[in-house]
Each structure stands twice: as structure tokens, then as C-alpha cells.
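Let's take a walk through this protein chain together. Please keep the sequence and the 3D view open side by side as you read.

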Amino acid sequence: MQVNIVIIGAGGHGKVTLDILQYDTSVEVIGFIDDDENSHDKIISGVPVLGNMAALPRLIQEKRIEGGIIALGNRKVRAALFEHLKEMGLKPVNAVHPRAVIAKNVRMGDGVMIAAGAIINTDSIIGDDVIINTGATIDHDNMIGDHVNIQPGGNLGGAVTVKAYTEVGIGATVIQNISIGEGSTIAAGAAIISDVPDNVTVVGVPGRIFRADKREKGT
């Protein structure tokens, strides 16, 4: 029996998430939820935008929605919505593309999106509400914290730790045995060869701290 679910976010990432979920015969995507009024009443790949977050409690009852997934890039917003969905009684579902390669003993949290071409190797741990985007590679014994975003083509060597609310940009590379702190941003194309503290932005080859980010978790 299929579970009725919604995707939170009707932008580009939402479309990619829908494409992944359409391979999953255990769920049916009833619609998108998005606070952008310009998206309301649109049809995206055959699936309607049903309304905003304020309408979701009513829609849960009307359409018997049981689960959802967050398809937004902003880490702070995503984390807050992830908790909000659980408070409303919705189960966070995973979207895993059939052409992703995931080792048998990988441990994965809830609300995770893994795109086509991603590789996650043995003994890695993936937290809740994590994005492993197109073609990203996570080697053995990685620990990926909650609400992390590994963007397309990001490459992590063995035994890397990425703490919660961090983003690894497009095409960035992290060598083995590195720890990346909470709430940090690794810029596109950066090469990380030493540990990264919390709440900084790192750029360049080799990576250097561009700025300290005095901000709340997940922004």
C-alpha cells in the first residue's frame, strides 16, 4: 500500500526530489507545499502545488498525507521545517535514486535525499535531513551530521566527519581523516587538507578561511 506524501519546496531541488520519488513504488507524491504564492496552482511534472505551510494541517486531513520530505537548500529553514513536519505527525521519508550506489552497511537517518550518481561507501553514517546531491562521493567511515548539504560533485575521502548544518559546495574535495565543524560552508571547488572549525567559510586550493560566520545554526 502506497503512503501519501508531500514535498516541501517547489523549486529546482523539489523537481529533482520528485523525480527520485517517482521511482519509489511505496510512496505517492500528492503534491508540493511552498510558501511562494507565485508557485501556487502550478503543475510540476504532473504534480500540483497544493498551497503553503499554513494550509498543510488541513491538507493532511483532506488528502490523508502521512509523510513528507524537505526539498530546500537553506539549512536553517530546512532544519526548522523538518522538526515541524514531525510535530504535525508526518513521517520524514527518504528519496534515494536507484542509480545511487550505497554500501549495505551504511546507516541512514530520516528525510535524506540521495541523488543520481552519488556513492556512499562502507561504514558511513548519514544523519537526518541530509542532501547528498548528484555525483557526490562519500568514502568509507564518514560521519555526516544532521541537515548537511553535500552539493553536486562534492568528494569526501575516507573517515571524514562533517558536523551538522554544514554545506560542502559543488566540486569541493575533502581529503581523508578531516573534520569539518558545525555550521560551516566549503565553497565550490575548494580543496580541504586540514580540519575546519565551526561557523566559517572556506575557499580556495588549498582551502583557507575566508571569513568567520557569526550566525545561528544552519543559516
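What follows goes from the overall form of the chain to its sheets, and then to a few backbone details.

Please keep in mind that this is a predicted model. The chain is rich in strands: its secondary structure comes to three helices and 25 strands. For 219 residues, a compact globule would have a radius of gyration near 17 Å, and the chain has 17 Å, so the two agree. If you orient the model along its principal axes, the C-alpha atoms fill a box of roughly 50 × 40 × 30 Å.

How much of the chain is buried? Of the 219 residues, 48% count as buried. The accessible surface comes to about 10,100 Å², and 50% of that surface belongs to carbon and sulfur atoms. Among contacts with a separation of 6 or more, 28% join residues 24 or more positions apart. As for charge, there are 19 positive and 25 negative side chains, and the centres of these two sets lie 3 Å apart.

Now let's turn to the sheets. Strands of a sheet pair through backbone hydrogen bonds, either parallel or antiparallel. A good place to begin is an open sheet of six strands with mixed pairing, in the order β3-β4-β2-β1-β5-β6. Its edge strands are β3, at residues 43–44, and β6, at residues 91–92, each of which pairs on one side only.

Within this sheet, look at β2, which covers residues 27–33. Is this strand mostly covered or mostly open? Six of its seven residues are buried, so β2 is mostly covered. One partner of β2 is β1, residues 3–8, and the two run parallel over six bridges. You can locate this pairing by finding I7, which stands opposite F32 in β2. Strand β4, residues 47–51, also pairs with β2 in the parallel sense, here over two bridges. To find that contact between strands, look for I33, which stands opposite G51 in β4.

Further along the chain there is an open sheet of five strands with parallel pairing, and its order is β9-β12-β15-β18-β21. The edges of this sheet are β9 (107–108) and β21 (179–180), each pairing on one side only. Starting from the β9 edge, the neighbour is β12, residues 125–126, and the two strands are parallel with two bridges between them. Here R107 stands opposite I125 in β12.

Two loops beside strands of this sheet are worth a stop for their backbone angles. The loop between β14 (137–138) and β15 (143–144) holds D141. This residue has a positive phi of about 60 degrees, although it is not a glycine. D141 counts as partly exposed because its relative accessibility is 36%. The second loop, between β18 (161–162) and β19 (167–168), holds Y165. Y165 also has a positive phi, near 65 degrees, and is likewise a residue other than glycine. Is Y165 buried or exposed? Its relative accessibility is 17%, so Y165 counts as buried.

Our last stop is around β24, which spans residues 200–203. In a regular strand the side chains alternate between the two faces of the sheet. In β24, V200 and V202 point one way while T201 and V203 point the other way, and all are buried. Strand β22, residues 185–186, runs parallel to β24 and is joined to it by two bridges. Across this pairing, I186 stands opposite V202 in β24.

The pairing of β24 with β25 is antiparallel, with four bridges. Here V200 stands opposite A212 in β25. Together β24 and β25 form a hairpin with four residues between them. The turn includes G204, which has a positive phi of about 90 degrees. Which peptide bond in this part of the chain is cis? The bond from V205 to P206 is cis, with omega near -10 degrees. You will find P206 in the loop between β24 and β25, the latter covering residues 208–212.

Note on methods
Residues numbered from 1 in each chain as written. Predicted model: local features only at pLDDT ≥ 70, side-chain atom pairs only at ≥ 80, totals over all residues. Heavy atoms only, no water. Rg over C-alpha atoms; globule rule 2.2 N^0.38 Å. Buried < 20%, exposed > 50% of the residue type's maximum accessible area, 1.4 Å probe, protein only. Contact = heavy atoms within 4.5 Å. Areas by Shrake-Rupley, 256 points an atom, 1.4 Å probe, with all protein chains shown as cover. Lys, Arg positive; Asp, Glu negative; His and termini not counted. Charge placed at Lys NZ, Arg CZ, Asp CG, Glu CD. Pairing = 2+ DSSP bridges.
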